[in-house]
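Please work through the following exercises with the sequence and the 3D view side by side. Each task is followed by a solution that proceeds step by step.

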Amino acid sequence: MYRMYRIAILFPALLAAQPLVPNTYYRTFSHTNPVLRHMKPGEIIATQTLDSSGRDFHGDVRNPESGNPLTGPFYIDGAEPGDAILVHLRRVRLNRDWGYSGYQLGLYALLPEVIRNLYSPNYKPDLAIPGRSNLVRWDIDLANNIVRLRDPLSAVVKMEFPAIPMLGCIGVAAPGDFSPTSGPAGSYGGNMDYNRVREGATVILPVYHPGALLYVGDGHALMGDGEPTGNGIETSMDVEFSVDIAKNMRLDGPRLENAESIVSIGSQPEFVSSLDRALAMATTDMVRWLAAEYKLEPWAAHLLVAFQGQYDVVTVSGSMALRIPKKYLPPK
């Protein structure tokens, strides 16, 4: 990771022990939820997440309230408001041999004139989750890292793909007394559903409360850009991460870095504003990032975005991201 985001680590990185499995899960990115664990910068934490219905790696219901139960919060010692935390996702791995997804694209992803002629969103009752008829079940081949749709079967295309595990939810306690649920996204991260939040990525988040209070959850075995069904292939996950602190960064929202790119995320709740606004948020942050940390002249930052920027639709009615390939960045 680049030097501007590093601080001196006073504690050596510790090897992760047995996974930390909570007894209680939360559905809010709130500063009032009891801390699951204190951790030091550089310490490695191994834990597990539930799927969006509250089921664990055995398929047992661990949280009766569906809707993205969150593992956490983790209190990062030394993190203070105005800082940023760098969450290094060391492992994001599948731990269960099945998942589920929606059976039909969300109506918000389609033109209004085609909606009344669509096939029914309901397929078979209780196929994937009891009480639901609009979900289909996917088999997960853990040995070969493959997902396969179990039912229905297409006569013309094979619904079998390489799995790309990711976390839909990653975020800190939201600013002030705001306690958003694990449904929307915002400046604190939250339910961003960005398919690049996966193993090997570093997610960079602003800190609004002492300790940052980090949450993770909502694992997907696979999800295309935009989450147009309203979900990925929902499943439980093994997660291992460490955290560094960048002092006094004063970020306005989430960022991400991986081996190929730096990424600014225009993170906002779905259905409250247009993707245009999310695009402008991501672009504005990227220009600031290039100028502040890579020392580009303003005009150079603008032209680098113009000719090497790559935009991702993070959620079809909410957030956008802007990537700049590292190979075009100056050394720091």
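**Exercise 1.** How many bridges join β9 to strand β11, and in which sense do the two run?

*Solution.* Before starting, note that this is a predicted model, in which local features need pLDDT of at least 70, side-chain atom pairs count only at pLDDT 80 or more, and totals for chains, interfaces and linings use all residues. Residues are numbered from 1 along each chain as its sequence is written, and side-chain values use heavy atoms, with hydrogens and water left out.

Step 1: strands are DSSP runs of E with at least two residues, helices are runs of H or I with at least four, and both are numbered from the N terminus; two strands pair if DSSP finds at least two bridges between them.
Step 2: β9 and β11 (residues 189-190) are joined by two bridges and run antiparallel, with Ile 170 standing opposite Gly 190.
Step 3: β9 also pairs with β13 (residues 214-220), in the antiparallel sense and over six bridges, and here Gly 171 stands opposite Tyr 215.
Step 4: seven of the seven residues of β9 (residues 166-172) are buried, where buried means under 20% relative accessible area, exposed over 50% and partly exposed in between, for a 1.4 Å probe and protein chains only.

**Exercise 2.** Find the strands that pair with β16, and decide why β16 is described as largely enclosed.

*Solution.* Step 1: β15 (residues 255-257) pairs with β16 in the antiparallel sense over three bridges, and the two form a hairpin with three residues between them.
Step 2: β18 (residues 320-325) pairs with β16 over six bridges, again in the antiparallel sense.
Step 3: Val 263 takes part in both pairings, since its bridge partner is Leu 256 in one and Arg 323 of β18 in the other.
Step 4: six of the six residues of β16 (residues 261-266) are buried, so the strand is largely enclosed by the rest of the structure. Ser 261, Val 263 and Ile 265 point one way, while Ile 262, Ser 264 and Gly 266 point the other way.

**Exercise 3.** With which side chains does the side chain of Asp 151 make polar contacts?

*Solution.* Step 1: locate Asp 151 in strand β7, where its relative accessibility of 19% makes it count as buried.
Step 2: a polar contact is a pair of N or O atoms within 3.5 Å; within protein, one must be able to donate a hydrogen and the other to accept it, and residues adjacent in sequence count only if both atoms are side-chain atoms.
Step 3: the side chain of Asp 151 makes one such contact with the side chain of Tyr 123, at 2.7 Å, and one with the side chain of Lys 124, at 2.7 Å.

**Exercise 4.** Which parts of the chain does the salt bridge between Arg 93 and Glu 199 tie together?

*Solution.* Step 1: a salt bridge is a side-chain nitrogen of Lys or Arg within 4 Å of a carboxyl oxygen of Asp or Glu, and by this rule the count comes to 18.
Step 2: the side chains of Arg 93 and Glu 199 meet in one of them, at 2.5 Å from N to O. Arg 93 lies in strand β4 (residues 84-94) and Glu 199 in the loop between β11 and β12 (202-206), so the pair ties together parts that are 106 residues apart in sequence.
Step 3: Arg 93 is partly exposed at 34% relative accessibility, and Glu 199 is partly exposed at 33%.
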